[in-house]
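Here is a short report on one protein chain. Look at the fold as you read, and find each part in the view.

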Amino acid sequence: MLVIVGTVRLPPEMLGEARPAMASMISASRTEPGCIEYSYAQDVLDAGLIHVTEVWRDRAALDEHFRSAHIARWRESWPALGIGDRNLVVYEAGEAKPI
């Protein structure tokens, strides 16, 4: 299992314009085979900071995600939305267990 955690930053005044693009990306990603979790969350204290959490079954599923049309559209929207700062890290994880 792969876990991706990190942040994306955009100008707070662009959030309204960015929400439909983010919603489309999230919805399409969640339907992909191998996607266990995919979510964005706005930081409570920093309006332009979006927290990203993804969980993928394996590397093959993540690689397919990177080749998808919806991720291409999402990346193409970044300049217009002012998205420039991205900090995402992938971790290999074992079986998920409740704590």
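Start with helix α1, residues 15-30, in this predicted model. The helix has 16 residues. From its first C-alpha to its last it reaches 21 Å, close to the 22 Å expected at 1.5 Å a residue.

Which residues of α1 are buried? They are L15, A18, M22, M25, I26 and S29. Their cover includes two strands, β2 (35-42) and β3 (49-56). It also includes two helices, α2 (59-66) and α3 (69-81).

Now turn to the strands. Strand β1, residues 2-9, pairs with β3 in the antiparallel sense, over eight bridges. Here V3 stands opposite V55 of β3. Strand β1 also runs antiparallel to strand β4, residues 85-92, and eight bridges join them. T7 has N87 in β4 as its bridge partner.

V89 also sits in strand β4. V89 counts as partly exposed because its relative accessibility is 33%, and the buried class ends at 20%. Leaving aside neighbours within four places in sequence, V89 is in contact with V3, I4 and V5. V52 is 37 residues from V89 in sequence, and their C-alpha atoms are 9.9 Å apart.

E54 lies in strand β3. Is this residue buried or exposed? E54 is buried, yet has no salt bridge. The nearest side chain of opposite charge is that of R86, 7.4 Å away. A salt bridge needs nitrogen and oxygen within 4 Å, so this pair does not count. The side chain of E54 does join that of W56 in a polar contact of 2.8 Å. Beyond its neighbours within four places in sequence, E54 has contacts including L2, Y38 and H65.

How many salt bridges are there by this rule? The count comes to five. The table shows three of them, with N to O distances.

| Pair | Distance |
|---|---|
| R9 and D85 | 3.9 Å |
| R59 and D63 | 3.0 Å |
| R67 and E64 | 2.5 Å |

The pair R9 and D85 links distant parts of the chain, 76 residues apart: R9 is in strand β1 and D85 in strand β4. R9 is partly exposed at 32% relative accessibility, and D85 is partly exposed at 45%. Salt bridges also link R9, D46 and D85 in a network.

R59 and D63 both lie in helix α2, four residues apart, about one turn of the helix. An α-helix has 3.6 residues a turn, so residues three or four places apart point the same way. R59 is partly exposed at 43%, and D63 is partly exposed at 25%.

In the third pair, R67 is exposed, with a relative accessible area of 58%. E64 is partly exposed at 47%.

How values were computed: Residues numbered from 1 in each chain as written. Predicted model: local features only at pLDDT ≥ 70, side-chain atom pairs only at ≥ 80, totals over all residues. Heavy atoms only, no water. Expected span 1.5 Å × (residues − 1). Buried < 20%, exposed > 50% of the residue type's maximum accessible area, 1.4 Å probe, protein only. Contact = heavy atoms within 4.5 Å. Pairing = 2+ DSSP bridges. Lys, Arg positive; Asp, Glu negative; His and termini not counted. Polar contact = N/O pair within 3.5 Å; in protein donor to acceptor, adjacent residues only side chain to side chain.
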